[in-house]
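Let's work through a few exercises together, each with a solution you can follow on screen. Have your viewer ready and try each task before reading on.

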Amino acid sequence: MNGLTWKAGLLAVGVLCATTAAFAEGRDDDSEGASESGYTVSSRLEKKVRTSSKQDKSSLAAASTSSSAGTSAGSAIVGHPGRLLASNCFQCHGTDGRNGGFDSLAGESSREIIGELTEMRSKYEDDKGIMRVHAFGYSDEQLRLLADYFANVGR
Amino acid sequence: MKRRQFIEMCGVAAVAGVPALSLADDKKRSRSSSTPSSGVPGNTGANGRVVVIGGGMGGATVAKFLRLWGGQGVQVTLVERSSFYISSIMSNLVLNQQRTIEELYFGYDALKANYGIAVENDSVVDIDPTGRKVWLAGGKVLDFDRLVVAPGIDFDMLPGLDAGDYDTLFPHAWKGGAQTTLLGQQIRAMQSGETFVMTIPKAPYRCPPGPYERACLVADWLKKNRPGARVVVLDANPGIMAEAHTFQNAFDVIHRGVIDYIPNAEIDHIDRANRMVYTTMGAWNGRVINPIPSQRAGSIAADTGLVNVNDRWAGVDVLSYQSTVAGAESVHIIGDASATTQPKAGHIANAEAKVCADAITRLFAGMSPDPSPVTNSACYSPITSNTASWLTAVFGYDPATQTMKVVPNASGEAAAPSKNNYEQMNKWFRSLMADTFV
């Protein structure tokens with residue numbers, strides 16, 4: 001990769017941040033239990049893409065991909081800003097929060113995931129000691145993004 | 001020569017044991033719920049060819065997630081000389097016969113079937129980062145837009161030992177495999193009152209808690225089966241390098257009288273004939289000697305000019321794991337071979353691989369890598385045959401130093417070893433390997 005490409009890349013950081021912010025802001029209009037309220041990943045992403053304007057073409061592509069792929073595979077949430085954060089949970093809770101040795105996270109409401117992690121920060125329980133450490137590893141905003149990923153990934 | 005022998009042994013084992021992979025259940029599940037490649041989305045806007053060298057924890061994970069996240073436009077070829085991976089994680093449990101080495105075999109069939117990854121069972125002869133080609137021993141030439149190098153570690157030869165000694169007389173067993181089996185046999189051949197001597201190299205080395213875990217498991221087995229036998233731990237470091245609270249307690253209380261822990265013991269040489277280990281803290285005789293040598297990036301990294309940190313490790317930008325070697329911008333190095341502030345271990349190699357896969361996917365789509373990646377390191381360590389501890393840390397990107405730093409309050413170890421942790425360890429291992437290979 002040459003220097004020019006990196007400069008283009010830096011510009012794209014701005015775009016990405018804007019998209020992330022738009023996604024996060026949009027969260028406030030939505031009910032906490034997004035998956036429970038029944039709207040799909042694709043419609044949700046399309047909505048974000050509309051609000052985040054023309055800048056993020058890859059998310060547009062992502063949205064159309066996810067609508068065709070449905071919610072059977074978590075990979076359908078292409079470009080979700082919580083995806084890479086959420087992947088830190090996959091090692092124990094399974095890829096996309098499915099089929100892991102520990103609690104399944106796929107399709108859990110974001111309210112529940114955030115609630116549990118927040119509670120772990122404030123209360124020490126011996127058998128949840130390792131998760132308590134992880135709960136401190138993410139800002140509230142990061143928790144919201146990764147929880148939103150699992151809420152929308154489909155069971 | 002060593003490598004060839006190793007591959008030959010794997011070949012024998014492959015015939016006998018590979019179909020019975022320990023992930024059989026996961027494979028069944030993933031296949032029953034999906035047709036081949038169904039986990040791969042259509043074109044996501046990311047288009048390019050990736051060659052991944054090395055099918056260990058980092059390489060397998062990056063191959064999987066490049067397809068899972070990048071979609072059909074990202075073509076992935078995984079090059080691995082062995083037809084299956086042998087896990088180093090859990091391999092200390094082969095020493096006390098709680099697991100068989102075959103239970104630690106993980107093949108590539110699920111990666112092929114579930115994600116459409118092409119697997120070349122071959123060795124790499126050379127790479128050209130500028131012309132973007134990889135030459136394989138079998139004669140094939142692979143073109144790439146991005147190359148991911150995940151070669152793991154290679155070992156220094158300790159003074160006094162000859163090439164081949166690790167495979168025959170003094171196994172380090174610091175990679176799961178035939179040496180693990182040999183070391184287990186040597187321990188079982190010990191008599192009451194004899195001594196097991198192990199040496200720990202200066203950090204950084206693979207799996208920081210691993211040597212101390214091994215000392216505990218060997219001590220646990222010896223005191224039950226060979227009363228009066230002892231474990232001597234010769235640590236080149238000034239103190240216990242991971243889970244200091246847990247292991248100090250294990251050495252002083254749980255395995256009291258069985259383990260002698262000697263810090264600051266740097267190896268001068270090993271006397272093969274007299275089975276003596278000479279160190280800066282004195283000399284010890286061992287019925288079994290388990291010298292864990294100092295380590296460096298897998299040789300392919302040095303051979304191809306990617307090693308630029310302390311003459312041992314490959315420097316990377318941790319936003320993408322792109323090489324910091326001028327002219328090698330098309331190359332990414334993940335896992336133990338890379339020089340980062342993160343530990344060298346399988347769980348975090350999996351996390352680094354995801355950051356790398358995400359970055360390459362974004363680059364292929366004309367974007368730049370995530371500016372604030374998070375990774376986590378976690379592991380469970382058995383302390384006895386039915387108790388374990390854990391150690392974990394979450395790392396976040398620090399723009400000021402351009403390194404991954406432990407997030408405040410987000411690191412810790414178990415309060416005490418427990419049976420519950422031992423059960424959780426088994427769940428963790430099963431999940432981690434499925435997230436990596438299935």
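## Exercise 1: A phenylalanine in chain B

Phe65(B) sits in helix α3 of chain B, which covers residues 57–70. Keep in mind throughout that the model is predicted.

**Task.** Work out whether Phe65(B) is buried or exposed, and find which residues Phe65(B) touches beyond four places in sequence.

**Solution.**
- Step 1: Start with accessibility. The relative accessibility of Phe65(B) is 0%, so Phe65(B) counts as buried, the cut-off being under 20%.
- Step 2: List the contacts. Setting aside residues up to four places away, Phe65(B) touches Phe90(A) and Thr95(A) in chain A, and Gly70(B), Lys354(B), Ala357(B) and Asp435(B) in chain B.
- Step 3: Pick one partner and compare sequence with space. Phe65(B) and Lys354(B) are separated by 289 residues in sequence, yet their C-alpha atoms are 6.4 Å apart.

## Exercise 2: A covered helix in chain A

**Task.** Phe90(A) was one of the contacts of Phe65(B). Determine how many residues of α5(A) are buried and what covers them.

**Solution.**
- Step 1: Count. Eleven of the eleven residues of α5(A) are buried, among them Arg83(A), Phe90(A) and His93(A).
- Step 2: Look for the cover. Within chain A, α7 and α8 contribute; from chain B, the cover includes α3, α11 (346–364), β23 and α12.
- Step 3: Move just past the end of the helix. Gly94(A) follows α5(A) and has a positive phi, near 90 degrees.

## Exercise 3: The two sides of α6(A)

**Task.** Check the length of helix α6 of chain A against expectation, then decide where its buried residues lie around the axis.

**Solution.**
- Step 1: Take the 13 residues of α6(A), 110–122, at 1.5 Å a residue; the expected span is 18 Å, and the end C-alpha atoms are 19 Å apart, which agrees.
- Step 2: Collect the buried residues of α6(A): Ser110(A), Ile113(A), Leu117(A), Met120(A) and Arg121(A).
- Step 3: These residues cover an arc of only 110 degrees around the axis, so they lie on the same side of α6(A).
- Step 4: Turn to the other side of α6(A), where Arg111(A) and Ser122(A) are exposed.
- Step 5: Ask what lies over the buried residues of α6(A). The cover includes α7 (129–135) and α8 (140–152) of chain A.

## Exercise 4: A pocket lined by both chains

**Task.** Describe the second largest pocket: its volume, its central residues and the character of its lining.

**Solution.**
- Step 1: The second largest pocket holds about 730 Å³ of space.
- Step 2: Its lining has 32 residues, and the closest to the centre are His93(A), Phe102(A), Asp103(A), Met120(A) and Met131(A).
- Step 3: Assign the lining to elements. Those giving two or more residues are α5 (83–93), α6, α7 and α8 of chain A, along with β23 (374–382) and α12 (419–437) of chain B.
- Step 4: Sort by character: 14 lining residues are nonpolar, ten are polar and eight are charged.
- Step 5: Link back to the earlier exercises. His93(A) is among the buried residues of α5(A), and Met120(A) is among those of α6(A).

## Exercise 5: Backbone exceptions in chain B

**Task.** Most residues other than glycine have a negative phi, and most peptide bonds are trans. Find where Met90(B), Glu243(B) and Pro204(B) lie, and describe the backbone at each.

**Solution.**
- Step 1: Met90(B) is in the loop between β3 (84–86) and α4 of chain B. Its phi is positive, near 80 degrees, and Met90(B) is buried, at a relative accessible area of 5%.
- Step 2: Among the contacts of Met90(B) is Leu104(B), found in the loop between α4 (92–95) and β4 (105–107). Leu104(B) is buried too, with a relative accessible area of 0%.
- Step 3: Glu243(B) lies in the loop between β12 (230–235) and α9 (244–254). Its phi is also positive, near 50 degrees, and Glu243(B) is buried at 3%.
- Step 4: Pro204(B) belongs to the loop between β11 and α8 of chain B. The peptide bond joining Ala203(B) to Pro204(B) is cis, with omega about 0 degrees.

Technical notes
Residues are numbered from 1 along each chain as its sequence is written. Chains are lettered from A and ligands numbered from 1 in the order in which they are written. This is a predicted model: local features need pLDDT of at least 70, side-chain atom pairs count only at pLDDT 80 or more; totals for chains, interfaces and linings use all residues. Side-chain values use heavy atoms; hydrogens and water are left out. Helices (H or I, at least four residues) and strands (E, at least two) are DSSP runs, numbered from the N terminus. The expected span of a helix is 1.5 Å times one less than its number of residues. Buried means under 20% relative accessible area, exposed over 50%, partly exposed in between (1.4 Å probe, protein chains only). The arc is that of the directions from the helix axis to the C-beta atoms. Contact means heavy atoms within 4.5 Å. On a 1 Å grid over the protein atoms alone, a cavity is a set of points where a 1.4 Å probe fits but cannot get out, and a pocket is an open set with protein on both sides within 12 Å along at least five of seven lines; lining residues have an atom within 4 Å of a point. Grid points are joined across faces, edges and corners, and a volume is the space filled by probe spheres set on the points. Ala, Val, Leu, Ile, Met, Phe, Trp, Tyr, Cys and Pro count as nonpolar, Asp, Glu, Lys and Arg as charged, and the others, Gly among them, as polar.
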